[in-house]
Amino acid sequence: MEEKDLDDLIRRFHSENLYTPPVARYKVVDLEYYKKIYMESVRDPCSFWGREAEKLAWSRKWRKTCEGEGLNTRWFVDGEINVYYNLIEKHRDKWVWSKPAVIWESEDGSVRISFYKDLYERSSVIARALEDYGVRRGEWVIMYVTPSIESLEIFLALMRIGAPVEFIFTGFGYYEIRKRIMGRRARHIISVDGFTRRGRSIDLLSNILRSVEKLEIKNIFLVRRIEKAYKDDRIVYYEDLIRGSKHEKDPAILNSRDPLIGLHTGYVEDFKPLTHGVGGFLVQVYATSKWIGLRPHDTYFCTVWPGWITGISYQFFGPLMIGSTIVFYEGGPDQPSWNRWWDIIERYSVTLFLTTGSALRMLRRNTPEPLKIYRFDTLKAILVTAEPLETEVWEWSYRYVGTGSRAFITSVPEKFSGRIPVVNLYIQSEIGSFATGSLINYVFTELSPGSVGPPIPGFHIDVVDKNGNPIRGSPGMMIIRSPWPSMPIEYPEDFSLRWARGYYETGDLAIMSENMNIYPLGRYDGVMKISGYRISPGAIERVLREIANLKSFRIKRLYDDLRFESYVVEVYEELGEKDLRRIIRESIGAIAEPRDVIVKKSHDDSSSKADATAI
């Protein structure tokens with residue numbers, strides 16, 4: 001990266017300003033108190049996380065909280081836990097049981113509500129039916145779904161059975177889906193036939209059917225949404241799963257190290273599989289869900305779909321474990337206008353709103369003026385994640401979305417002075433949960449625009465130079481010095497190589513200030529961060545070489561003022577732009593489409609190359 005480009009990133013994403021939102025005036029802790037809590041947690045992470053684990057219901061307590069070192073650390077050794085109980089059954093006989101668990105809204109405005117007791121009853125029935133169709137404990141199942149009540153019911157049924165789930169984002173194309181199915185040796189797939197986005201029917205089942213050609217898939221369990229007719233003997237409709245079953249079986253009790261969820265994350269060469277185990281993942285997600293502000297009385301709207309770690313951890317696991325009400329929206333954010341998400345926040349009296357930096361950039365561009373017609377007074381915080389956040393986007397969110405219409409302590413609505421926290425949080429697939437951020441329900445520190453806050457207690461995070469020495473106030477490598485409970489139990493060599501120096505290298509470039517706030521600046525390892533998605537340049541190269549049959553091309557990363565990063569492809573008259581875009585869109589997905597395609601007439605280099613350091 002050239003020095004002027006780095007200076008430009010620092011100018012956009014780094015600020016020394018500190019804010020105390022009026023609603024947090026009596027909640028904020030000083031830096032010394034935060035450091036005391038934090039240092040105690042990282043001096044003895046086993047004891048710290050052991051205390052958090054005690055807050056879950058275990059079927060058999062672990063023999064040892066953690067053992068081993070670094071990459072080989074094992075957590076909650078020999079512990080056994082009932083995932084289904086901790087997700088939903090524990091709410092029985094409590095007030096949560098009869099409250100809405102999910103409010104689902106489609107793009108056309110249809111609304112359905114499911115209560116906690118409904119989810120329990122329906123998922124119990126579906127679990128029995130899935131077992132009748134041959135789904136077994138420990139057998140990987142693929143979920144390629146939109147956020148919907150049906151997909152959540154089936155997910156819970158799989159948790160009841162004890163079947164681990166590989167989530168695939170619905171933005172991925174057939175080529176990436178097929179790799180994941182084959183990698184997990186899955187025989188069962190959960191999918192939706194499609195959904196409506198921006199007024200168009202998005203056909204998901206065609207992607208699935210193309211991806212499973214010549215594979216031994218036993219069942220495709222299908223939720224109907226667009227009612228498109230298909231003929232395939234492997235399709236079992238959702239309606240067939242809720243007709244009941246004669247057999248009865250108790251929820252599975254799993255070992256702490258059993259696989260729970262999987263996803264493929266972007267490395268330089270390709271998307272590669274990670275598996276999170278049961279015990280560590282549940283402990284981390286439950287603890288951090290509470291700390292970011294979730295409570296049973298909350299109504300929570302998360303715009304990140306399942307298929308990415310934020311959507312998995314904080315849409316399907318965390319809110320259910322807490323007992324909150326989740327708002328699912330299945331559609332485009334700009335239908336019928338860019339006010340759709342604002343309508344949803346006001347209509348359902350949302351209290352916590354979780355979204356991405358890219359989404360806020362789009363909303364700011366399309367609704368730049370103060371949102372005077374909306375009443376956001378129910379909001380108690382805006383949570384942001386997935387990618388670096390420009391200081392000016394943070395300021396816009398804090399003032400124009402976060403002020404509300406009623407004065408609170410020192411807030412002045414007519415001046416858009418800000419009222420609630422805009423909390424930026426750092427997450428990574430390998431970590432499994434948020435690892436930095438100012439915590440509304442734990443240690444809430446002053447907010448700094450552009451920062452993802454200080455490390456969350458229990459995560460020993462630092463920023464270091466190339467020799468591993470801590471540096472403050474200038475860019476360095478973001479690392480984690482100590483193991484965390486939800487370290488992947490299965491991982492590619494890329495992950496183990498990142499532990500080569502005795503600590504984990506996240507691959508992110510960041511600045512850490514003296515007050516421990518961290519300012520991410522993007523990735524230094526060549527992986528691209530596009531609209532919050534980690535995109536592998538190697539996966540794009542492979543598609544261009546193997547499917548598009550290109551002999552010569554170049555990929556160049558760029559900073560993008562809407563998507564944070566993007567890239568340009570140069571090709572040499574072997575393929576037109578339209579066909580190149582179509583191949584990438586169908587194979588990998590629309591999320592990986594280049595910003596620009598440059599078709600050149602001739603070339604003097606027969607090699608293909610991804611310029612990973614161009615940004």
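**Group meeting: Gln315, helix 7 and a surface patch**

Good morning. I begin with Gln315, which touches Pro147, Cys302, Val304, Trp305, Pro306, Thr310, Ile326 and Phe328, leaving aside residues up to four places away in sequence. Please bear in mind throughout that the model is predicted.

Where does Gln315 lie? Its place is in helix 11, which covers residues 309-322. Gln315 has a relative accessible area of 1% and therefore counts as buried, the limit for that term being under 20%. Two of the residues that Gln315 touches, Cys302 and Val304, also offer backbone oxygens to its side chain. The backbone oxygen of Cys302 is reached at 3.1 Å, and that of Val304 lies 3.5 Å from a polar atom of the Gln315 side chain.

I turn next to helix 7, residues 174-184. Which of its residues are buried? They are Tyr174, Tyr175, Glu176, Ile177, Arg180, Ile181 and Arg184. Just after this helix comes Arg185, whose phi is positive, at about 50 degrees.

Finally, the surface. Tyr26, Phe408 and Ile409 make up a nonpolar patch there, and their accessible area together is about 360 Å². Of these residues, I would draw attention to Phe408, which sits in the loop between helix 14 (391-401) and strand 21 (422-424). Is Phe408 buried or exposed? The term is partly exposed, because its relative accessible area is 38%, and that class runs between the 20% limit for buried and the 50% limit for exposed.

To close, the model places Gln315 among the buried residues, whereas Phe408 is partly exposed and belongs to a nonpolar surface patch. Thank you.

Definitions and conventions
Residues numbered from 1 in each chain as written. Predicted model: local features only at pLDDT ≥ 70, side-chain atom pairs only at ≥ 80, totals over all residues. Heavy atoms only, no water. Patch = residues over 30% accessible without salt bridge, like charges linked within 9 Å, V, L, I, M, F, W, Y side chains within 5 Å. Areas by Shrake-Rupley, 256 points an atom, 1.4 Å probe, with all protein chains shown as cover. Salt bridge = Lys/Arg side-chain N within 4 Å of Asp/Glu carboxyl O. Helix = DSSP H or I, 4+ residues; strand = E, 2+ residues; numbered from the N terminus. Buried < 20%, exposed > 50% of the residue type's maximum accessible area, 1.4 Å probe, protein only. Polar contact = N/O pair within 3.5 Å; in protein donor to acceptor, adjacent residues only side chain to side chain. Contact = heavy atoms within 4.5 Å.
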